[in-house]
Every structure is written in structure tokens, then in C-alpha cells.
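Notebook open, viewer running. I'll jot down what I look up as I go, chain by chain.

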Amino acid sequence: MNKIIDSLGQWENTTLKKVLDKSPEREDVFKTESGIPVKRLYTPLDLEDIDYESELGFPGEYPYTRGVYPTMYRGRYWTMRNYAGFGTAEDTNKRYRYLLEQGMVGLSMAFDLPTQLGYDSDDPLSEGAVGRVGVAVDSLADMETIFDGIPLDKVSTSMTINAPATVLLAMYIAVGEKQGVPQKKLMGTTQNDILKEFIARGTYIFPPEPSIKLVLDIVEHCAQHIPRWNTLNIAGYHFREAGANAIQELAFTLADAITYIEKAQERGLEVDYFAPRLSYSLGCYMDLFEEVAKYRAARRLFARIMKDRFQAKDPRSYLFRIFTGSCGSTLVTQQPISNIVRVTMHALMGILGGDQAIHTACWDEGYALPSEDSARIALRTQQILAHECGLCNTIDPLAGSYYVETLTNEIEKRASDYLKKIDDMGGMLRAIENGFVFREIQKSSVKFQERVDSGERVIVGLNKFVMPEEKDVEEQDIFEVHEEVEDLQKEKLLRVKAERIESDIKQTLSRLELAIDRDENLMPYIVEAVKCYATIGEICGVMRQKWGEFRAPAYI
Amino acid sequence: MSNVGKRKIRVLIAKVGLDGHDRGAKIVAHNLRNAGMEVIYTGIRQTVNQAINAAIQEDVDVLGLSFLSGDHMVLVPKVMQGLKEKGRQDVKVLVGGIILKRHIPELIKMGVQKVFLPGTPPNEIVRYIQQNTGRS
């Protein structure tokens with residue numbers, strides 16, 4: 001090492017100095033997207049303190065820095081799972097079949113906002129939003145149509161659903177039964193992460209306490225009955241979209257995870273009973289090395305938390321299994337075809353980061369929902385990277401990079417500092433309540449915007465290499481959800497209500513009410529209600545009545 | 001010090017509808033406040049009536065509506081109608097967010113003053129408001 005110190009000094013004083021004297025570098029200080037200073041050059045000196053065995057280890061072994069599985073993509077590729085769903089159940093069924101025919105492996109369901117907030121399509125508050133940002137689901141009848149011809153024992157389904165996740169999971173269980181697939185064979189994920197909804201994204205319904213109870217009802221039900229279900233996907237992605245940087249994203253995700261695990265323990269669940277089915281979601285921004293380092297640091301830091309803080313024994317509890325995806329806020333509406341390149345980079349980050357499932361956004365998402373063509377290109381992007389680029393032949397290929405290992409350490413350290421701060425405040429619920437998390441995210445959001453406004457942070461097509469508007473984009477190819485969705489959906493709801501047996505609805509809903517009073521696990525009661533075609537609005541209505549609705553404060 | 005005693009520009013930024021993405025709304029609110037305006041942000045998931053009532057109660061000069069989920073062509077007409085019914089067409093309505101360009105002429109026809117698309121520098125919005133409210 002001394003030899004390297006000497007020769008580095010010599011290089012700096014001779015070869016480097018000569019050039020710097022003549023032509024200075026582009027910037028005085030270089031930084032990652034989240035503000036970590038970046039040196040000109042990293043050398044073996046930067047890795048001097050790293051103990052390979054304890055810091056990096058081997059794939060599939062503690063601390064999992066190099067990957068959660070022993071063979072990683074040499075065994076099988078990541079799950080290509082692009083977010084989709086819009087309009088009516090029929091529209092979405094058609095799109096899902098198309099994507100599966102094109103080689104997509106897992107479904108990722110997008111629900112419209114009324115569904116995400118537990119309102120039926122005929123609720124006055126739903127006006128204008130039915131089928132808009134996802135598929136409209138009012139009753140089991142819609143879920144039956146969505147999965148028509150899609151066997152639930154062959155396909156895994158991830159549902160971006162939170163406040164009413166119990167209802168959608170219950171419907172999925174019921175569809176499986178109708179297809180002859182028992183619940184123990186179902187595969188998939190409920191996002192079910194209500195804490196991040198309070199902080200970002202905003203599709204919460206009930207106050208924190210009953211909200212967390214519902215989260216844990218799924219965790220407990222699946223641990224008992226659906227062994228291959230990912231019960232709770234703890235997400236940092238949405239903090240990132242709200243403006244957080246990579247370090248905050250990781251820290252707040254882990255702080256949420258800690259909160260859920262503590263709450264589950266308070267309920268009497270052993271950590272190794274449920275932790276193996278927790279999964280995680282982190283976004284992809286634009287700084288490739290920082291994102292890769294973030295995924296690596298996440299695995300290591302999480303494994304340490306599970307071991308040291310929670311004394312988990314089952315190695316599966318240590319696995320930080322990552323679903324990643326393009327952050328939509330990195331995409332722009334100016335010269336939008338260029339977004340395909342950004343999305344390619346997102347997928348590359350996920351692959352080099354050793355993630356388990358990847359969503360690639362579509363180039364036209366800055367305008368509207370993706371068209372069939374743009375959805376196919378997004379899928380092809382992953383397929384090209386998987387099959388043509390030699391990325392999947394060896395595990396964790398950036399390991400040992402002086403720079404990437406240094407960044408991995410730095411991100412772990414900075415995220416740990418945040419966790420310490422949150423612990424000192426009394427935990428994440430406290431840090432949300434007192435506005436700390438909101439203020440931190442808002443600070444980063446403002447800083448990013450200022451850098452874009454000043455031109456310091458270049459966004460090609462937006463603040464550099466700008467084209468005149470008329471040459472920029474043709475909007476005629478942009479997809480729009482057809483206007484009749486809302487009427488079609490309301491008509492279908494009326495038909496369903498006319499055909500079902502009303503006394504069954506009354507009975508199942510009053511049993512649900514009773515179960516709430518007794519603080520039982522609500523899953524079995526919700527399954528019974530959805531099987532009689534009780535609607536999401538009716539079921540959530542019972543809960544709204546019992547628990548009331550939450551309003552989060554607004555910070556600017 | 002000619003501004004002494006002069007009322008500051010008052011702005012209500014509102015998220016109407018069920019969408020909860022408010023990064024853009026908050027950035028705009030932050031910039032307007034930094035420019036010296038009185039800014040109130042409603043928070044997410046406001047009904048049309050809540051937004052109109054807040055605008056009237058707070059006696060704002062400008063009502064800024066932020067949309068991301070494609071429901072603007074349904075909700076904006078309701079806001080405009082509501083302001084008209086309350087006789088408050090003097091409130092200048094600005095719309096921002098994910099809006100297709102082909103919707104802009106229709107929104108303007110409804111009485112919207114101006115539509116700001118993604119990528120608009122916040123300062124451009126500040127300048128627009130300063131120039132069009134007759135105050136600074």
C-alpha cells in the first residue's frame with residue numbers, strides 16, 4: 001500500500017499536475033446525485049479498510065452485499081414486471097394477455113384511484129377518475145374478467161394496492177378458487193405499505209393505527225395460508241418520486257420496515273414467521289453508480305438490522321429482495337422518445353444492482369398511460385439487456401470497483417446516520433408525525449429543482465439541447481383512456497348489484513363489522529364478503545364507519 | 001418602500017380530485033412564497049367545493065390547480081362553474097401538471113388563464129403571476 005501511496009503522489013505531482021495547470025476540470029467539486037462528493041480517482045487505498053468476508057461475503061450468504069441468491073441471474077433472470085392496467089376489466093385483460101404473449105413473466109396491477117381509495121365507480125368522488133390511472137375494480141366480477149384466461153397457478157401478480165389491500169387480495173383468492181387454484185398455490189405481492197402513503201403518494205384512508213392493523217392482517221393471513229405470497233412490499237420508490245435522494249430513500253424504507261416488524265412483534269408474531277415474505281421496492285434515478293451502490297448497501301444494512309436488532313434466525317428473514325423500477329420523475333415530456341434511453345439505464349442499474357424484479361417505464365408516461373407500442377418497447381428494453389449484452393453471466397460484476405465499494409460504504413453509513421436520528425426521535429411514526437420526514441424530502445426536492453433551474457443539473461431536452469416546440473413531439477400517438485369507461489363501469493356495477501343476493505351482503509358485512517369490534521383478523525370475513533359480490537366501496541364503507549378517515553397535514 | 005401597506009399577492013394552490021402526487025404543487029408553492037406571495041396549499045384530495053370555498057375564504061387573487069392523473073377535463077369545468085356561481089370570476093385560475101397540449105385551448109375556453117406544462121421553470125410561473133395580477 002505504501003508503494004501505491006508513493007506512486008499516487010507522484011502521479012498527482014507530475015502527469016496530473018501538468019494537465020491541470022493547462023486546463024482545469026469541468027467542475028471544482030464533483031458529486032453524486034444525492035450529494036456525496038466524488039473523488040477524481042479511486043484506488044486500492046480506498047478499499048484498505050474493507051474486510052472482504054464480513055463486508056462483502058458471497059452471494060446467498062450473510063451479509064448478502066453481493067446478492068440474495070447463490071446463482072443470481074445465472075440461475076434465472078429477474079422478473080420482468082411492467083406496471084399495467086387501465087380502463088375497464090376487459091381493457092386490462094386484453095393488455096395483460098398481450099404482455100404475457102410478448103414474454104412478460106409477472107403481472108403488475110395498476111388500479112384506478114377510486115379503487116385505491118375504496119370508492120365504487122358510482123361514488124360522486126370517483127367522477128373523472130374511473131379507469132384513469134389503472135383498472136377500475138368494484139367487485140369480484142371485475143377481477144374475474146381481468147384474469148379471464150390467465151391461470152393464477154402459472155402467473156405471479158403484484159398489486160399496487162395499499163389501504164384496501166385486504167379487499168383486493170380477498171378478490172384474488174376468490175378468483176383463484178373459481179379457477180380451481182387453492183390459495184396456498186397463489187404467487188404474488190400486495191404492496192400493502194401504508195406508511196409510505198402517509199408520507200408520499202397519499203392513498204391512505206384510515207388513521208395510522210387501524211391502517212397498520214390491516215397491513216398485519218395480510219401478513220398474518222398469508223404466513224398461515226399463502227406461503228408464496230409477498231405480503232408487504234416496503235417501498236422507498238415513492239419517497240424518491242416525491243423528491244427524496246437515494247440516501248433518504250433507503251433510510252426511510254428501512255425505518256418503515258423496522259416499524260412494521262416491531263408492530264408485528266407487538267401483535268405476537270415471531271420475526272422469522274413473517275419476515276421471509278417481506279419484500280422491498282426501491283426506485284432507479286439517473287446516477288448509475290450511486291443506484292447500484294444503494295441496492296448493495298441496502299442488502300447489507302438490512303441483513304445487519306435483522307440479525308442484530310431483531311435477532312432473526314432464519315436466513316430467509318435477512319433477504320432484502322428488491323423490486324425496482326424507473327422513477328417516472330426522471331422522464332420528461334420534451335423530446336420524449338429520448339426517455340427510452342433513460343429507461344434502458346434504469347434497467348441496467350437494476351441488473352447491475354442484482355435486483356429481483358424490474359419495471360421499465362414507457363417513453364410516453366409523461367403524457368398519459370402507455371400505449372400498447374410503448375409498453376412493448378419498455379419490455380423489449382429488458383429483454384435486450386437480458387439476452388444480448390452479457391450482463392447476466394457473472395454475479396455482482398461491479399463488486400471490487402474501488403469507486404462502487406466506496407460508495408456502497410458511504411451510502412450505508414449515511415443511511416445508518418438517518419436511522420439513528422429517527423431512533424432518537426422515538427421511531428418512524430414519531431418522525432412522520434412531527435414532520436421530520438416531510439421536511440427532509442421537501443428539502444431535497446427543492447434542492448433538485450434549483451439545480452435544474454440553474455442548469456447545474458442537466459436534463460437533456462429540458463434545460464439543454466432544447467428543440468423548438470413545434471419540432472418536439474407529435475401528440476397524436478399519445479394514448480387516451482376511452483371516454484365511456486366511467487359509464488360502462490357504472491352499468492356493470494348496477495348489473496352486479498341486481499344479480500347478487502342482498503341478504504348475503506347484509507350478513508357478511510355485519511359479520512365483518514363484528515370482527516372489527518372484536519379486533520380479529522379481518523381477512524376471512526372480507527373473503528366471504530367479496531365472494532357474495534360485496535363491493536369495495538361497501539367493504540371499505542364499513543371500515544370507514546368504524547375507524548373514521550385520516551387527513552394528513554400538508555407541508556410546503 | 002412603496003410596497004408598504006400594499007397587499008401581497010394571495011395564492012391558493014390546490015390538489016382537486018383523488019390524486020396524491022404533489023411534488024410539483026409543493027415546488028410551485030415554495031417558489032411563489034419565496035417570491036413574497038402569500039401562499040396557501042390545500043393538501044391533497046380536495047373536492048371541488050372545498051377548493052372553491054378555500055379560495056373565497058382566503059380571498060385569493062390566484063387559484064392554482066395541479067393535476068397528474070388525467071381528471072382535469074372533468075374537474076376544471078366544475079371549478080370554473082363553481083366560481084361563476086359564487087360570482088368570483090375575478091379569481092385567476094391557473095392549471096399545471098400532466099396536461100395534453102390539445103386540451104389547452106379547451107381549458108382556456110373554460111376560463112382558465114394559463115396552463116403550465118411539465119418542465120416549466122417555477123420562476124416563469126412567478127413572473128406570470130406578478131405580471132398578471134397588477135401587483136408585485
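Among contacts in chain B between residues at least 6 apart in sequence, what share joins residues at least 24 apart? I looked it up, and the share is 73%. Note to self: this is a predicted model.

**Chain B, overall**

I went through the secondary structure of chain B next and found five helices and five strands. Reading along the sequence, I get the pattern β-α-β-α-β-α-β-α-β-α. The radius of gyration is 14 Å, close to the 14 Å from the globule rule for 136 residues, so chain B is as compact as a globular protein of that length. I also boxed the C-alpha atoms of chain B along the principal axes, which gave roughly 45 × 35 × 25 Å. Of the 136 residues in chain B, 46% are buried.

**Chain A, overall**

I ran the same lookups on chain A. Its secondary structure comes to 22 helices and twelve strands. A compact globule with 556 residues would have a radius of gyration near 24 Å, and chain A agrees, with 24 Å. The box around the C-alpha atoms of chain A is roughly 90 × 60 × 45 Å along the principal axes. Buried residues account for 51% of the 556 residues in chain A. For contacts in chain A between residues at least 6 apart in sequence, I noted that 77% join residues at least 24 apart.

**Where the chains touch**

How many residues does each chain bring to the contact? I have 32 residues from chain A and 30 residues from chain B. On the side of chain A that touches chain B, α4 (113-116) and α17 (436-454) each supply at least two residues. The most comes from α17(A), with five residues. Sorted by class, that side of chain A has 16 nonpolar, ten polar and six charged residues.

**The five-stranded sheet in chain A**

I then picked out an open sheet of five strands in chain A, with the order β3-β12-β11-β10-β9 and parallel pairing. Which strands stand at the edges? They are β3 (79-80) and β9 of chain A, each with a single partner strand, so one side of each has no neighbour in the sheet. Helix α12(A) packs on the sheet and touches β10 and β11 of chain A. The direction of α12(A) makes about 165 degrees with that of β10(A).

Reminder on pairing: strands of a sheet pair through backbone hydrogen bonds, either parallel or antiparallel.

Now strand by strand. I started with β9 (residues 232-235) of chain A, which is joined to β10(A) by four bridges, and the two run parallel. In that pairing, N233(A) has S279(A) in β10(A) as its bridge partner.

Is β10(A) enclosed or open? Seven of its seven residues are buried, so β10(A) is largely enclosed by the rest of the structure. From β10 (residues 278-284) of chain A, five bridges lead to β11(A), again with the strands running parallel. I checked two positions there: L282(A) stands opposite T324(A) in β11(A), and G283(A) has G325(A) as its bridge partner. Between β10(A) and β11(A) the chain crosses through helix α12 (residues 288-309) of chain A, and this β-α-β crossover is right-handed.

Strand β11 (residues 322-326) of chain A is mostly covered too, with five of its five residues buried. I followed β11(A) on to β12 (residues 357-359) of chain A, where the two pair in the parallel sense over three bridges. In β12(A), T324(A) has I358(A) as its bridge partner, and G325(A) has H359(A). So T324(A) stands opposite L282(A) and is also bridged to I358(A). β11(A), helix α13 (residues 339-352) of chain A and β12(A) make a right-handed β-α-β unit.

**One residue I stopped at**

Last lookup: Y52(A), which lies in helix α2 (residues 52-56) of chain A. Is Y52(A) buried or exposed? Y52(A) has 11 other C-beta atoms within 10 Å, and the cut-off for exposed is 12 or fewer, so Y52(A) is exposed. I also noted G400(A), which is 348 residues away from Y52(A) along the chain. Their C-alpha atoms are separated by 9.5 Å.

How values were computed. Residues are numbered from 1 along each chain as its sequence is written. Chains are lettered from A and ligands numbered from 1 in the order in which they are written. This is a predicted model: local features need pLDDT of at least 70, side-chain atom pairs count only at pLDDT 80 or more; totals for chains, interfaces and linings use all residues. The radius of gyration is taken over C-alpha atoms; the globule rule is 2.2 Å times the number of residues to the power 0.38. A residue is buried if 20 or more other C-beta atoms lie within 10 Å of its own, exposed if 12 or fewer, and partly exposed in between; C-beta atoms are placed from the backbone. Two residues are in contact if their C-beta atoms, placed from the backbone, lie within 7 Å. Ala, Val, Leu, Ile, Met, Phe, Trp, Tyr, Cys and Pro count as nonpolar, Asp, Glu, Lys and Arg as charged, and the others, Gly among them, as polar. Two strands pair if DSSP finds at least two bridges between them. A crossover is right-handed if, with the strands pointing away from the viewer, the path from the first strand over the helix to the second runs clockwise. Axes are lines fitted to C-alpha atoms, for helices over the stretch in contact, and angles run from 0 to 180 degrees between N-to-C directions.
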